[in-house]
Amino acid sequence: MSVETEKPQQKRNIFAKEWTKWAALCAAVLAICMLFLPLIEQKIAKGDDPSLVYLWDLFKVQSLMVNLIVVLVLLVGSIPLILFSSKKSSLAVGATMALMIAGALMVVIPSIYLGETGYKSADINAGLVFGFAFAVLSAAFSLAFSYKKMPMSIRDMAEDAVLVATSFALNFVKIPVGASGGSINFQMLPLFIIALRHGPLQGLISGGIVFGVLTCFTDGYGFTTFPFDYLIGFGSVAVLGFLKNKILGEDQKGYNVKGIIYLVCGAVAATAVRLIGSSVSSMVFYDYSVGAALAYNIPYILPSGAIALAVLLALYGPLLKLNKRFPVSEKTDN
């Protein structure tokens, strides 16, 4: 085969190998484009003809402004993450998390708009339907691409299984908070350790998918709550995984200020993502306002995150020794 024919063949092979990346990129671009279609159908009173609401109309609603800015930043920000994910596989996991959160925030736009404006109805329209669908599709393709770049070994799966089982057992040790069902528990600690040891991809899979499905079925709230309360809620530990090398890197010899600062920042950010997921769930499935959703979820999510962080700080030295004794190899096909 000549050099001239080898180059096109190589390009085709690269495209075939990374088709999930390009599918994720196209879906993310389409999700952004969909937001310029009509987003909401509103009615001032019963029996009136509905009028269409567009993105620029929603920006006039003060309580939605921050929500919309965050959605747009997350969607637009996912594009360079996907583009450069061939060079650094964890970027695809970051894109997955950004797209999942953007999709969750899109879902609550009609309820916030209705509560703020006082219209009789505010129904979701094509822009939000397809925007959400393409965001979720892009997240799925990004996750598939990151898994292809960072395959899991048998040892990884065994270690993750033990820690997920520990989390599942800890899920039954609860400290009730109030009369509405919230409770402080300790299940986040082993999931944080998975993310710290193995990085964001395994944190997302073990926390959001495996542990999320197990606890969703046993908690009894119904599988409809899975995307926000469980997939985003417990998949949030992946955020800590992005700082893995800063916290448990080879240059860390023992307890050190830099590692502790990164550990605190990562755990706080992961807890904030869990709070977003659960608050969105409360707004979607229980018709809570933003304030009521936060008031319900903060009393148990923040203490649970704080307890996990406190234990992680106490175990920081032993975790460093464990990571050096049983290092996790970086397996990529870059």
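Reader: What percentage of the 334 residues in the protein chain is buried?

Author: Buried means under 20% relative accessible area, exposed over 50%, and partly exposed in between, with a 1.4 Å probe and protein chains only. In this chain, 47% of the 334 residues are buried. The model is predicted: local features need pLDDT of at least 70, side-chain atom pairs count only at pLDDT 80 or more, and totals for chains, interfaces and linings use all residues. Residues are numbered from 1 along each chain as its sequence is written, and side-chain values use heavy atoms, without hydrogens and water.

Reader: Are Cys-216 and Cys-265 buried or partly exposed?

Author: Cys-216 is buried because its relative accessibility is 3%. Cys-265, with a relative accessible area of 45%, is partly exposed.

Reader: How many disulfides does the structure hold?

Author: A disulfide is a pair of cysteine sulfur atoms within 2.5 Å. The structure holds 0.

Reader: How is pLDDT to be read, and which elements have the lowest and highest mean values?

Author: pLDDT is the predictor's confidence in each residue, from 0 to 100. Helices (H or I, at least four residues) and strands (E, at least two) are DSSP runs, numbered from the N terminus. The chain has 16 helices and 5 strands. Among these elements, helix H1 (residues 3-17) has the lowest mean pLDDT, 50, and helix H2 (residues 19-34) the highest, 94. Where pLDDT is low, the predicted coordinates should not be read in detail. For the whole chain the mean is 85, and 88% of residues reach 70 or more.
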